[in-house]
Amino acid sequence: MPHDSDDMFEADNATREGRGPVDHPTMLSSCARAATAAEARFRVPYPNSRTRTSRIVALDATAAEAMYQITEDPWNDAHFLALSSTGDVDPGKTPAASLPLSHPDGSAANLAAELDGADLVVLIAGEGRSAGAAEVIARECFGLNIMCAGLVLAEGKSEAALDRVVNSIRAFTRVLVVARDGDYIPAMLTALRA
Amino acid sequence: MLKKEINDLLTQTDADTPMGEMFRQYWIPALLARELPEDDCPPVRVKLLGERLIAFRDSKGRYGLMDEFCAHRGVSLWFGRNEEGGLRCPYHGWKYDYTGQCIEVPSEPEESGFCEKIKLRAYPLIKIGDVLWTHMGDKVNRPPEPAWEFATVPPEQTYTSKRWQECNWLQAMEGGIDSSHVSFLHSGALNSDPLFKGAKGNQYNQQDKKPVFEVVESDGGLHIGARRMAEEGHYYWRITPWIMPSFTMVPPRGDHPMHGHFWIPIDDENCWAWSFDYHPVRALTPEERQAMMDGYGVHNKYVPGTFRPLQNKDNDYLMDREAQKRGETYSGVWGIAMQDASLQESMGPIIDRTKENLVSTDNGIIMARHRLRKACVALRDKGALPPGRDPEHQMVRSAAKVLPPDEAFKEAMKDDLTARPGVKQTSV
């Protein structure tokens, strides 16, 4: 295929301001002008990513309630876990294997096993009472080089109550989102291909 | 990843599309005021939200924005004569006032009142700051006039430019809330651009390329905080406000003017990238203003006589691999604005978001899409007016600050993130 036109070729050279002439013919598909809808159909069609392994952990009852609304949706390799103890844990005395976690069906889950091969952990907090558990999970993620993100549910909370929740997980996440509504959970997980 | 139907919903803005209806709920920038510099000056063609319009300033200084084409035979009124209180089609002399009302049809008896039956669709056009703003929606729901700080400070404190960007508005806007690209794409400019260089904050940017993000919903949109390490365990925070549907501000650097953008759809495959600089408490210096006019900072150089960037897809954005090797630019493209635009245009006219692979640091983008979708659907299904119309939502600023590790930006920087007349910006 020849370059688009001699005029354009000359125009290219005229704007290069002493950086030397273009020394090769420019095909439409090998220059920035290829950014058209018509050229988009020549993009190579293939799956450019493998399935991600995501672990979503509800740190309290409020978070679990919001999370359980979407666990039946079709996800890729996402596992949904909930902290199954009502009280917080002492992070200094709680190894990962001892963190009380459960699957949506109520069966016990082991954090270390769940994190094996994981790409992403999302901590969901709605009450701010689980800083110790968040620290245990974040510590494991750090050791395994797993991205740990936090999602705080702000719905119906006063400023002070919201601050308490945010402060409970801020130190343990590389990304923290404060969402007004629980419907951000599926929006975020879908966007992240969870 | 975004489902195709949501991508379509957010990217299509012609009349009678949900997102088009949403944009029509706001005052949006239509033209630079200097495009219509005097009464009876030449009319200007402008395409907004998929509608071809003509803007003019009549003999009494009134601004008009209306359908570009004469109701008689469809002639473009860009050829019109702007004279004696209206725009006259040169073909058969039909004349329209600034409201789009036909006021003369010379071939018909004047007494017939025929011209009163002819009216072009027209929208209000008002001047606030350097910008002519229009509201293309139903008059019943017209919001209060724009209250953005950049448009309301004295003229000597502000400068606005616009450029044609050859891609959909959403992918351009998403660049404005994507804080993590700065440490890469714009890293060369932090050392050399006269409107960026010399700030203490630049060092933090360059030393810590893995910022921690915090995304917080606000009444009008979002605050996106990026946290980097500073001295003694403190954090350097940069906060980007996004106000719906498409206003963003870049966190400031030192005492440089503050800057930001609007992205306004021309049609689904083109948008206007509006760029502004202002200083809240002092006049721009002649050097700063000249730098903006020369294309530094968030502005750009032009193909003479147009709003098309000099670096564009027809010349591969004047890619300079030697400058890249020398470390002057990270991508090889000169200038912050065109570094962004070149990459955003390379995605194609409308990026296929079903194929993207977002990561958790993209949560600002994910949340913005989520809020846009919700507002769009609420407007379509329930008639709920979207956030960002309230002047209070528009009284925002970006800010940069070093905070102790136990302080959250949302509380510690609340005042810093609010536009306060006569109060200097918070910057590092």
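This short talk goes through the contact between chain A and chain B in a predicted model.

Before I start, a word on conventions: residues are numbered from 1 along each chain as its sequence is written, and chains are lettered from A in the order in which they are written. Local features need pLDDT of at least 70, side-chain atom pairs count only at pLDDT 80 or more, and totals for interfaces use all residues, while side-chain values use heavy atoms, with hydrogens and water left out.

Taking contact as heavy atoms within 4.5 Å, we have 43 residues from chain B and 40 residues from chain A. The two chains bury about 3,600 Å² between them, 46% of it on carbon and sulfur atoms, where buried area is the accessible area (1.4 Å probe) lost on putting the two parts together, summed over both.

There are seven salt bridges between the chains, each a side-chain nitrogen of Lys or Arg within 4 Å of a carboxyl oxygen of Asp or Glu; A:E159 and B:K410 meet in a salt bridge, at 3.2 Å from N to O. On chain B, the elements that each supply at least two residues to the side touching chain A are β13 (212-217), α10 (336-346), α11 (363-382) and α13 (409-412), helices and strands being DSSP runs of at least four (H or I) and at least two (E) residues, numbered from the N terminus. Of these, β13(B) gives the most, with six residues.

That strand brings me to the last point: four bridges join β13(B) to strand β7 (residues 175-179) of chain A, and the two run parallel, with A:V178 standing opposite B:V216. Strands pair if DSSP finds at least two bridges between them.
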